[in-house]
Amino acid sequence: MLIAFFADIHANRQAFEACLAHARDQGAERTVLLGDYVGYGADPDWVMQRVMDLAADGAALVLGNHDAAVGGSTNGMNIEARVAIEWTRTELGKPARDFLDALPLSRTDDDRLYVHSEASDPKKWIYVTGTLEAANSLSATPAHVTFCGHVHRPALYSLSATAKMTSFTPTAGAAVPLLPGRRWLAVLGAVGQPRDGNPAAAYALYDTGRGELTYVRVPYDVETAAARIRKQGLPVWLADRLFVGK
Amino acid sequence: MVKPLHETGVEIDGFRLEAMVHRGGMAMLWRVSKPGLEGPMLMKVPRIGEGADPAAIVGFEMEQMILPKLNGPHVPKFIAAGDFARQPYLVMEAIDSPSLLKRLPQLPLPYDEVARLGVRIAEALDDLHRQHVVHLDVKPSNILFRSGGEAVLIDFGLSHHDRLPDLMQEEFRVPFGTAPYMSPEQLRGIRNEPRSDLFALGVLLYFFSTGVRPFGESETMRGMRRRLWRDPMPPRALRPEYPPWLQEIVLRCLEVEAGRRHPTAAQLAFDLSHPGEVKLTSRSEKRERDSFTTVMRRRFNTDLTAQRRTPVTEQLTSAPIVAVAVDVGAEAAPVNAALLDVTARMLATLPDARLACLNVLKSSAIAIDSTLDKEGHNKQIDRLVRLKDWAAPLKLDERRLTAHVLEGTDPAAAILDFVTANRVDHVLIGARRDSFRRRVLGSVSAKVATEAACSVTIVRAPRVPLGDA
């Protein structure tokens with residue numbers, strides 16, 4: 001089965017549409033959404049509608065920190081993120097807000113764990129930026145592969161049978177076999193706000209039969225997404241950063 | 001449940017163990033058969049379990065990831081892999097030839113035979129590097145030959161793949177490899193340098209042509225590290241009749257700094273196939289090792305420790321072999337000027353590229369041509385001189401420039417043969433705007449562009465010659 005993973009959509013309609021269309025063309029049969037549907041971007045309402053439709057069609061979902069902040073606190077967020085969440089609250093209707101409130105922090109699916117951030121204590125929203133956090137995350141689950149987002153930069157970690165960690169920056173489009181002899185943590189790049197210097201939207205495809213993970217990059221209409229952010233009066237940096245992917 | 005495979009007749013996933021062909025420290029090799037699958041097959045079973053070398057497991061994992069990604073005649077074809085949790089194994093095509101290890105009792109081999117072996121191994125390495133892989137364990141026992149002559153590289157347990165996690169790098173902070181063949185940068189833990197394989201091939205060429213290993217067989221870290229500053233004895237010190245061109249090539253492969261070796265395996269193959277075209281430097285004449293001060297300078301040069309950041313394939317794309325087909329006839333002057341301009345612009349961005357200037361001497365299909373024209377000048381020499389004259393304004397280092405006069409009845413076919421045999425990456429060729437000859441005889445450039453496996457740029461003289469407007 002081919003599963004498409006999307007993380008950190010951040011209300012970027014143009015990026016999400018491009019990734020969904022790409023995944024459909026690749027023959028993806030199942031959708032997993034790894035949180036942070038809203039925040040930063042200018043189309044939370046459209047994105048939430050699409051997310052709820054996908055959930056109704058059987059997609060697996062978890063909660064992200066920006067999603068949690070809509071109905072909760074923005075403590076610990078930087079000023080731009082806070083401004084965007086405050087604006088998002090005014091944009092979302094009750095059904096979308098209730099939907100976000102009901103999302104789980106993590107979800108297990110066969111031998112896979114889905115979670116937005118580091119898995120040992122998901123509500124702490126710890127970033128997996130190195131082998132230390134990756135090891136903590138992997139020690140918290142028996143799953144063969146953990147999929148997470150939150151960092152906005154793609155990375156792939158593995159833990160060997162002899163408890164050694166490896167880290168790797170994936171190349172877009174190159175399938176990596178997730179060998180059965182070790183356990184893996186796949187950090188996805190962001191759909192809606194990439195930060196690895198490449199402005200193309202990021203998602204991933206996992207082929208459960210072959211055990212192969214492919215990180216994918218999809219160019220999308222950045223101009224429109226950025227123009228929408230400016231039009232809504234959101235912080236200009238949130239628009240500008242989309243062009244450079246940082 | 002991990003159960004060791006060790007009995008003839010045992011079947012796993014339909015593969016029947018026929019005979020054990022090798023039992024090493026890291027793995028066992030079995031000849032296997034399976035109904036419906038043709039041809040000889042080998043199953044590699046890692047030695048895992050109590051007391052197994054962790055490197056054996058990681059090496060097997062690396063090979064399990066890399067081998068299925070590889071294609072072409074220079075690697076054994078991947079057939080199947082077994083699940084690690086149940087029974088790890090790899091099934092691949094068996095190459096029915098002994099490895100180069102079998103030749104050791106015959107060393108030293110004749111120089112031309114060493115060069116021929118070197119060309120074939122370098123071609124295999126070029127193919128591997130283009131597939132994003134650095135082998136990192138090039139040595140006689142890992143090199144076999146198909147019946148058609150192509151070298152086949154085996155054992156990717158220590159290899160690095162640019163697009164896959166490097167489990168070796170992360171797991172073991174000490175270098176892995178085979179002591180006599182390991183490059184200086186490998187000893188420093190750098191695993192993504194394709195020219196490490198050229199160093200190992202240089203060790204092999206040195207060994208096969210002199211009968212002596214250039215850095216001995218020391219396996220201690222201290223002994224191996226000496227190669228970071230101490231150069232080997234020049235082959236000509238061991239064998240006075242050793243050809244200078246071969247010493248030039250071998251010592252260039254063995255340069256401590258990767259940047260001083262051939263930029264790519266394809267360029268090394270090019271040199272080995274054209275001994276007469278090898279630019280001889282002071283290396284070729286050396287009969288003594290480097291002086292004490294040079295060795296000391298190297299010893300305290302810290303630049304060598306810098307980690308490479310460029311991916312494997314980037315090194316290849318920055319160092320292509322470019323062939324330019326030049327028509328030396330007088331009427332070709334305008335297009336030749338344009339060709340020179342395009343060539344100069346292209347080479348300006350590719351400091352490691354090398355340029356092969358080609359001209360075809362048309363031989364008659366019927367009469368046996370005299371190689372002497374009526375003025376008594378040798379046509380070949382005349383064409384070579386004119387090719388070099390055409391290239392002179394490029395002011396290229398001689399090491400980057402070669403001139404070749406090809407012979408054939410069909411110029412396009414002669415160019416295409418050269419392009420294939422020498423792994424040319426890009427052909428530049430001039431075309432006339434409109435000519436009676438082209439309409440009648442067909443266009444050489446069109447045929448080259450249609451049939452070449454590489455990129456072809458067709459250059460025409462400007463519509464209005466510059467300066468005349």
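Helix α8 of chain B covers residues 244-253, and 9 of its 10 residues are buried, so it is largely enclosed by the rest of the structure. The model is predicted. The points below start with the helices of chain B, then turn to the contact with chain A, the sheets and the core.

**Helix α8 of chain B**

- The buried residues of α8(B) are Trp245(B), Leu246(B), Gln247(B), Glu248(B), Ile249(B), Val250(B), Leu251(B), Arg252(B) and Cys253(B).
- Several helices of chain B help to cover these buried residues, including α2 (111-130), α5 (195-210) and α7 (235-238).
- Also part of the cover are α9 (265-273) and α10 (282-285) of chain B.

**Helix α1 of chain B**

- Helix α1(B) runs over residues 54-66.
- At 1.5 Å a residue, its 13 residues should span 18 Å, and the end C-alpha atoms are 18 Å apart, which agrees.
- In α1(B), 10 of the 13 residues are buried, so this helix is largely enclosed by the rest of the structure.
- Among the buried residues of α1(B) are Ile57(B), Val58(B), Phe60(B), Met62(B) and Ile66(B).
- Charged side chains appear in the list too: Glu61(B) and Glu63(B) are buried.
- An α-helix has 3.6 residues a turn, so residues three or four places apart point the same way.

**Where chain B meets chain A**

- On chain B, 14 residues are in contact with 16 residues of chain A.
- Two elements of chain B, α1 and α3 (167-171), give two or more residues to the side that touches chain A.
- The most comes from α1(B), with 5 residues.
- By class, this side of chain B has 8 nonpolar, 1 polar and 5 charged residues.

**Chain B as a whole**

- Chain B has 17 helices and 15 strands.
- Of its 469 residues, 41% are buried.
- Take the contacts in chain B between residues at least 6 apart in sequence: 71% of them join residues at least 24 apart.

**A parallel sheet in chain B**

- Five strands form an open sheet in the order β13-β12-β11-β14-β15 (chain B), with parallel pairing.
- At the edges stand β13 (401-408) and β15 (455-459) of chain B; each has a single partner strand, so one side of each is left without a neighbour in the sheet.
- From one strand to the next, the twist averages 25°.
- Within chain B, β11 (residues 321-325) and β12 (residues 354-362) pair in the parallel sense over 5 bridges.
- Ile321(B) stands opposite Arg354(B) in β12(B).

**A mixed sheet in chain A**

- Six strands of chain A form an open sheet with mixed pairing, in the order β4-β5-β6-β10-β7-β8.
- Its edge strands are β4 (106-109) and β8 (165-168) of chain A; each has a single partner strand, so one side of each lacks a neighbour in the sheet.
- Here the twist averages 20° from one strand to the next.
- In chain A, β6 (residues 145-152) and β10 (residues 183-189) run parallel and are joined by 5 bridges.
- Thr146(A) stands opposite Leu185(A) in β10(A).
- Helix α6 (residues 131-139) of chain A lies across β6, β7 (155-159), β8 and β10 of chain A, and runs at about 120° to β8(A).

**The nonpolar core**

- The largest nonpolar core has 190 residues.
- Those with the most contacts inside this core are Phe5(A), Leu34(A), Val191(A) and Tyr203(A).
- The largest share of the core, 10 residues, comes from α5(B).
- Leu34(A) touches residues including Phe5(A), Phe6(A), Val62(A), Tyr114(A), Phe147(A) and Leu188(A), leaving aside residues up to four places away in sequence.

Methods: Residues numbered from 1 in each chain as written. Chains lettered and ligands numbered in written order. Predicted model: local features only at pLDDT ≥ 70, side-chain atom pairs only at ≥ 80, totals over all residues. Helix = DSSP H or I, 4+ residues; strand = E, 2+ residues; numbered from the N terminus. Expected span 1.5 Å × (residues − 1). Buried ≥ 20, exposed ≤ 12 C-beta atoms within 10 Å, placed from the backbone. Contact = placed C-beta atoms within 7 Å. Pairing = 2+ DSSP bridges. Axes fitted to C-alpha atoms, helices over the stretch in contact; angles between N-to-C directions. Core = buried A, V, L, I, M, F, W, Y, C linked by C-beta atoms within 7 Å.
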